[in-house]
Structure formats: C-alpha cells, structure tokens
Amino acid sequence: MSEQIKLNPFRIRENKIFNYRDTPRVIDTEYLKELKIDVKPTMETLQELQKGSFVFAEKYKNISLVSKLSCIMKDISLDEPLKNHRYTCKCPIDVLEINPMIGCNVNCLYCLVSDGDHSASKILYNNYKKYLRHKLKDENGIDHCYYFAPKTEPFQEATLQTGIAHDILREFIAHFKNNPNSKSYLFVLTKAGKEELYYKNNGETILDLMGELSDKLIYDTSISMMPPELYPILEPRAATIEERLEATIICQEHKIHAHEAVIQPIIPTYLSEDTIRNLFMKLKNANILKIKPEFLTLTIQNLAWIGEIIRHTDKSMAKELYELYIAPENINNFKHKFRIAPDREFTRKAILNLKKYADEYELIMTICHWVRNELNISDKEVPLTVAIESWDVKPWGCKR
Ligand code: SF4
C-alpha cells in the first residue's frame, strides 16, 4: 500500500537557472578547447562528460532539474536492519543510519546520494516510529552513534509535515529514558533553518524535542561553500547559510550541543583568502567551535551538470573546475561509488591552507581517515575527526 501526500513548501526561491542567456552545450573536445582546458581527459571521461551534458540539457529543456515537492508513504519491513554508515573502509564501524526516507526534496544538484538526479519517487516510511522502536530494542546494551540522516535531509517538508521527524526524536527520548546508562547518542546533520526547528507536531517543536535529548544529541549544521549566486540553483529547497547559522545559534540558546559545522561541499575553485575569511567570520559569530571540511566529490556525469552551471556565471572558474577533476591521473581518485575528488596535490594544499585560517580564527579543524590517507596529511598537520570510541570529551566540554 502506498499513498501520495500533499506537502507545502517552506520557502520558494527564484531559480535563475532557467533565465540563462544560452541553452546548455554538449561537452565535447570542441567545448573543452573553447574553455581552454589544459588537461587531456581519456576517451571514457569524455564520453561520460558528454552523457552528463545530454541529460542536463534534457532536464533543462523540460524544466525538471528541480523535481516536484512530493512524497509517497509506504511501510518499511520491521526485519530490515539499520544500515552501518560507511562510505569508505576507513570510516568508523559503530555508526548506524537513521533514514526515514528514500530520496530528498531539498534537491541539491550535487547530491552524493542521488548524483543530483531527484526524479525518482521519494518514499517516506509511514511506520518508521514503530520500526525504530523495534530496532532500538534490538540494539539495547550496545553503544552506537545513530546518524540522522545521512541519506536525506532529516528536517524537510515530508518528515516535518507528517510528524515523522518529531516521532524519531520522541523514540530516542524514550529510549534514553529507559536506558539511562547508554553511551549511545544521536547525531543530527542538517541544512535546517529556523522555520524547520520551530515546526510543530502535537504541540511540540523539533527544538523542544532536541532540547529534551540534552547531552544525548549532537547537532551539526551542514554549510556548503560556493559562489552566492549558485545557492538557489544547487540547493533549491535548502535554508540559506545565514538561516542555517541562525538555527545553530537558536539551538545553542536551547542548550543543545550545536557547535560544529561540516563544511560540505566546498567547490574547490571558490576558495580564496576572502571567501575563507568571510565564512570563518560567520562561523565564529555563530559560536561554531569545530569544523570538518569536505571538498566536492562527484561522478563525471554530475560534473558535466555542475561545470555547465558554473560556466554560465564564471567561465574561468568552470575551466579550473574541470581541470581539477578530469585529468587522466585523477580518474582513480574516488571516495565512494564513482564520485571523484579533486586533484590530490591541489586538495592537500587547500586543506593545509584552510587549517592555517582555522587556527587564526581559533576553530578546531579535523579531517576524516580517508582524506588523511589519500593526501598523506599527518596528525600534526590536521587532526583526525575523532572516532566514536574516543568521543568521551567534546571540545566544548560535553562529557558522555
Ligand atoms: S540535503 Fe543532502 S540528501 Fe538532500 S538533496 Fe541535499 S545533499 Fe542530497
């Protein structure tokens, strides 16, 4: 049984992508020559770029880059296990995914779950509350980090307007009440703004419920770094960066541990002293203490979309972007699935440069194991994002 539900958008953004002066181009040798790209991609990479540009042109023509705000309700089988969250073999093993939805209405065009294509039906699990109760009972006695939600935005129209996001928090409140010695906790990573935090269900807001979880909850805001004119295009239904930081401050005022930001994705060609300082100043003003930067990774087909969008605003930035990803020696530089990371040497320098500014602004900056390994960065240069077993004392003094 499945049922389509009606959703009301939280915000309407003017999407300027449909007002561009020329229609999308096919990416071929000619196109790369025109952009004066200095690297020579393999034939396979060129074919992938071409395929991606065809799909992009088709979606642009049909005005379907942003899919309709929609969602179908279905049940999840109670036998389905909670998935371990591991993008790479270097990720910690004790992180379990809380994903009440397949698909995401935020519709980021770089999305690492869908590779930017949000046309498939979005499915929200009607019985997720019951499912979660069942799973938490099974996990009783074992300590975990429950990650809400690595494969969708936890606080979006579908999860909020059905009350499912509220119910997930309520289940965790009940779980920790029944298991006062549990060392597990809930980790929330979100692009939410104030509107999402204050969304009510049965008289309770998300903020009220997160507040009840107290030291059992870590709230991280997800902050992307790109030219400002790209936000409404690449993240059409997300709150603005200012709104996300405002939400973070509101959380802190409600005694929620909200002092970390995952800076993702960073469009590598957008990094300059000014853009870094500007962002770090905003983070400081929002009382962020700790950051974890993650550079844009994407499939070659998805690169054709992002590159084409950037070409409309800044040709030289598009040239640099392609060069960082499509060189033959970079093609094996993928993090997970077939999402390619930017040139290793460039990224190494960029991370060390970010660390220099992070130190200046007194922000604790960490990176994950995979990045450390790939880029040969020592612990002295940039420390690791701490693994679950060593999350005993948080930098802001949250003891668990
Ligand atoms: S919010 Fe996250 S899951 Fe949703 S579309 Fe954006 S990147 Fe994908």
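Helices and strands here are DSSP runs, counted from the N terminus: a helix has at least four residues and a strand at least two. Keep in mind on this tour that you are looking at a predicted model.

**Stop 1: the whole chain**

Show the chain as a cartoon. You should find 14 helices and 13 strands. The radius of gyration is 21 Å, close to the 21 Å that the globule rule gives for 400 residues, so the chain is as compact as a globular protein of that length. Along the principal axes, the C-alpha atoms fill a box of roughly 65 × 55 × 35 Å. Buried residues account for 43% of the 400 residues. Of the contacts between residues at least 6 apart in sequence, 80% join residues at least 24 apart.

**Stop 2: the four-stranded sheet**

Select strands 1, 2, 5 and 4, which form an open sheet in that order with mixed pairing. Strand 1 (3-4) and strand 4 (101-102) are at the edges with a single partner strand each, so one side of each has no neighbour in the sheet. Now zoom in on strand 4 and strand 5 (residues 123-125): they run antiparallel and are joined by two bridges. Show Met101 and look across to Leu124 in strand 5, which stands opposite.

**Stop 3: the seven-stranded sheet**

Next, colour the open sheet whose seven strands come in the order 3-6-7-10-11-12-13, with parallel pairing. Its edge strands are strand 3 (95-98) and strand 13 (364-365), and each pairs on one side only. What holds the strands of a sheet together? Strands pair through backbone hydrogen bonds, either parallel or antiparallel.

Pick strand 6 (residues 145-148) and strand 7 (residues 185-190), which run parallel and are joined by four bridges. Here Tyr146 stands opposite Leu186 in strand 7.

**Stop 4: strand 11 and its neighbours**

Select strand 11 (257-266). Eight of its ten residues are buried, so strand 11 is largely enclosed by the rest of the structure. Strand 10 runs parallel to strand 11, with six bridges joining them, and Met225 stands opposite Ile266 in strand 11. Strand 12 also pairs with strand 11 in the parallel sense, over five bridges. For that pairing, find Ala261, which stands opposite Ile291 in strand 12.

Now centre the view on Ala258, a residue of strand 11. Is Ala258 buried or exposed? A residue is buried if 20 or more other C-beta atoms lie within 10 Å of its own. Ala258 has 25 within 10 Å, so Ala258 is buried. Leaving aside residues up to four places away in sequence, Ala258 touches Tyr219, Thr248, Cys251 and Gln252. Try the distance tool too: the C-alpha atoms of Ala258 and Ile288 are separated by 7.6 Å, while the two residues are 30 residues apart along the chain.

**Stop 5: helices across the sheet**

Add helix 9 (residues 241-253), which lies across strand 10 (217-225) and strand 11 and runs at about 165° to strand 10. Then add helix 13 (residues 344-360), lying across strand 12 (290-295) and strand 13 at about 160° to strand 12.

**Stop 6: a pair of helices**

Finish with helix 11 (residues 300-313) and helix 12 (residues 315-326), whose axes come within 7 Å and cross at roughly 160°. That makes helix 11 roughly antiparallel to helix 12. Show the side chains where they meet: Leu303, Gly307, Ile310 and Arg311 from helix 11, and Lys315, Met317, Ala318, Leu321, Tyr322 and Tyr325 from helix 12. By class, this contact has seven nonpolar, one polar and two charged residues.

How values were computed:
Residues are numbered from 1 along each chain as its sequence is written. This is a predicted model: local features need pLDDT of at least 70, side-chain atom pairs count only at pLDDT 80 or more; totals for chains, interfaces and linings use all residues. The radius of gyration is taken over C-alpha atoms; the globule rule is 2.2 Å times the number of residues to the power 0.38. A residue is buried if 20 or more other C-beta atoms lie within 10 Å of its own, exposed if 12 or fewer, and partly exposed in between; C-beta atoms are placed from the backbone. Two residues are in contact if their C-beta atoms, placed from the backbone, lie within 7 Å. Axes are lines fitted to C-alpha atoms, for helices over the stretch in contact, and angles run from 0 to 180 degrees between N-to-C directions. Angles under 35 degrees count as roughly parallel, over 145 as roughly antiparallel, 65 to 115 as roughly perpendicular and the rest as oblique. Ala, Val, Leu, Ile, Met, Phe, Trp, Tyr, Cys and Pro count as nonpolar, Asp, Glu, Lys and Arg as charged, and the others, Gly among them, as polar. Two strands pair if DSSP finds at least two bridges between them.
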